[in-house]
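Welcome! Here is a short guided tour to read with the structure open beside you. Take the topics in order and find each residue as you go.

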Amino acid sequence: MEKFYFEEPNISRKEDAIAYINEFYDYNSKINGVGGLYRYLDDYEGWLKKLEEDYTRIPNEEKVPARTYFLIRESDSRIIGMINIRLSLNESLKKSGGHIGYSIRPTERRKGYNKINLYLGLKVCQKYGIETVLLDADKENLASWKTMEALGGINIREFIDEHDGAHSIMKNYEINVNESIKNNSNIFEPMLK
Ligand SMILES: CC(C)(COP(=O)(O)OP(=O)(O)OC[C@H]1O[C@@H](n2cnc3c(N)ncnc32)[C@H](O)[C@@H]1OP(=O)(O)O)[C@@H](O)C(=O)NCCC(=O)NCCS
């Protein structure tokens, strides 16, 4: 069985991380949960510094403290996914964005890997004392909200998000962190390194 783990971004992952983002461009895919890495493709070291600032930030209406991880597959030591976890929410994130953003690289999708990504993310939330996680997804993004539902997410609201003249229907989810981990540990713990 394949095994997975979270790794904090570090300098040894520079090439793999840049290739991760470039794969999204190659496949014309939406990028999410990468801690802004796509803006630092020519300054990976600067991105690592930015992540340090993200960790220790005092929350305000503009920004909140956050942690970013690579999801690594043990067998080939490759970055399979990424996740960005907001450790607290401001009013804006409560309405839209929530605690967690995530992605799986286009060539590794539909293998159940994002469910492992979210399970590991919930374990991080538990460590930081977050009891209820808020998430949202575009209604058209089935893979995203199905991940949330697979981990026990409850659809609490749908709303219309308007931006740049376009609008989309968003689904808001809540996950009880302790319950989700308890109910899903038998599935996911065997897949962790
Ligand atoms: C969303 C994303 C992370 C899902 O990753 P993934 O590894 O393919 O997802 P999984 O294989 O773990 O599947 C999770 C669930 O979605 C379902 N699913 C996955 N892809 C699907 C698709 N294209 N259509 C319908 N359902 C899909 C799976 O069947 C599974 O549901 P199940 O447990 O009921 O069977 C990935 O598509 C991605 O990176 N997208 C771009 C970034 C993004 O949209 N992030 C989320 C922003 S809110």
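To sort residues by character, we count Ala, Val, Leu, Ile, Met, Phe, Trp, Tyr, Cys and Pro as nonpolar, Asp, Glu, Lys and Arg as charged, and the others, Gly among them, as polar. With that sorting, the shell around the ligand divides into seven nonpolar, eight polar and six charged residues. Please keep in mind that this is a predicted model. Besides the ligand's surroundings, the tour visits two antiparallel sheets, one of four strands and one of three, and a nonpolar core of 42 residues.

**Around the ligand**

- There are 21 residues around the ligand, and the ones that come nearest are Ser103, Arg109, Asn114, Ala143 and Lys146.
- Strand 4 (100-104), helix 4 (113-127) and helix 5 (142-150) are the elements that give two or more residues to this shell.
- Which element gives the most to the shell? That is helix 5, with six residues.

**A closer look at Ser144**

- Ser144 is part of helix 5.
- Is Ser144 buried or exposed? Ser144 has 22 C-beta neighbours inside 10 Å, so Ser144 counts as buried; the cut-off for buried is 20 or more.
- Gly33 is 111 residues from Ser144 in sequence, yet their C-alpha atoms are 12 Å apart in space.

**The four-stranded sheet**

- Four strands make an open sheet in the order 1-2-3-4, with antiparallel pairing.
- At the edges are strand 1 (4-7) and strand 4, each of which pairs on one side only.
- From one strand to the next, the twist in this sheet averages 25°.
- Strand 1 and strand 2 (residues 66-73) run antiparallel and are joined by four bridges.
- To see a bridge for yourself, find Tyr5, whose partner in strand 2 is Ile72.
- Helix 4 packs on this sheet and touches strand 1, strand 2, strand 3 (78-86) and strand 4. The direction of helix 4 makes about 40° with that of strand 3.

**The three-stranded sheet**

- A second open sheet has three strands in the order 5-7-6, and here too the pairing is antiparallel.
- The edge strands are strand 5 (132-138) and strand 6 (154-163), each pairing on one side only.
- The twist in this sheet averages 25° from one strand to the next.
- Seven bridges connect strand 5 with strand 7 (residues 166-176) in the antiparallel sense. Along this pair, Asp136 stands opposite Asn172, and Asp138 stands opposite Met170.
- How many bridges pair strand 6 with strand 7? There are nine, again in the antiparallel sense. One position to look up is Asp161, whose bridge partner in strand 7 is Ser168.
- Helix 6 (residues 177-188) lies across strand 5 and strand 7, and runs at about 75° to strand 7.

**The nonpolar core**

- In soluble globular proteins, nonpolar side chains tend to be buried together.
- In this model, the largest nonpolar core has 42 residues. Leu71, Leu122, Val133, Leu135 and Ile175 have the most contacts inside this core.
- Helix 4 supplies the largest share of the core, seven residues.
- Which residues does Leu71 contact, leaving aside its neighbours within four places in sequence? They are Phe4, Phe6, Ile80, Gly81, Met82, Ile83, Asn117 and Leu120.

**Positive phi angles**

- Ser77 is not a glycine, but has a positive phi of about 50°. You will find Ser77 in the loop between strand 2 and strand 3. Ser77 has 10 other C-beta atoms within 10 Å, so Ser77 is exposed; the limit for exposed is 12 or fewer.
- Arg110, also a residue other than glycine, has a positive phi near 60°. Arg110 sits in the loop between strand 4 and helix 4. Arg110 counts as exposed because there are 8 C-beta neighbours inside 10 Å.
- Asp164 takes a positive phi near 50° in the hairpin of strand 6 and strand 7, where two residues lie between the strands.

Note on methods: Residues are numbered from 1 along each chain as its sequence is written. This is a predicted model: local features need pLDDT of at least 70, side-chain atom pairs count only at pLDDT 80 or more; totals for chains, interfaces and linings use all residues. A residue is near a molecule or strand if its C-beta atom, placed from the backbone, lies within 6 Å of it. Two strands pair if DSSP finds at least two bridges between them. Axes are lines fitted to C-alpha atoms, for helices over the stretch in contact, and angles run from 0 to 180 degrees between N-to-C directions. Two residues are in contact if their C-beta atoms, placed from the backbone, lie within 7 Å. A nonpolar core is a set of buried Ala, Val, Leu, Ile, Met, Phe, Trp, Tyr and Cys residues joined through C-beta atoms within 7 Å.
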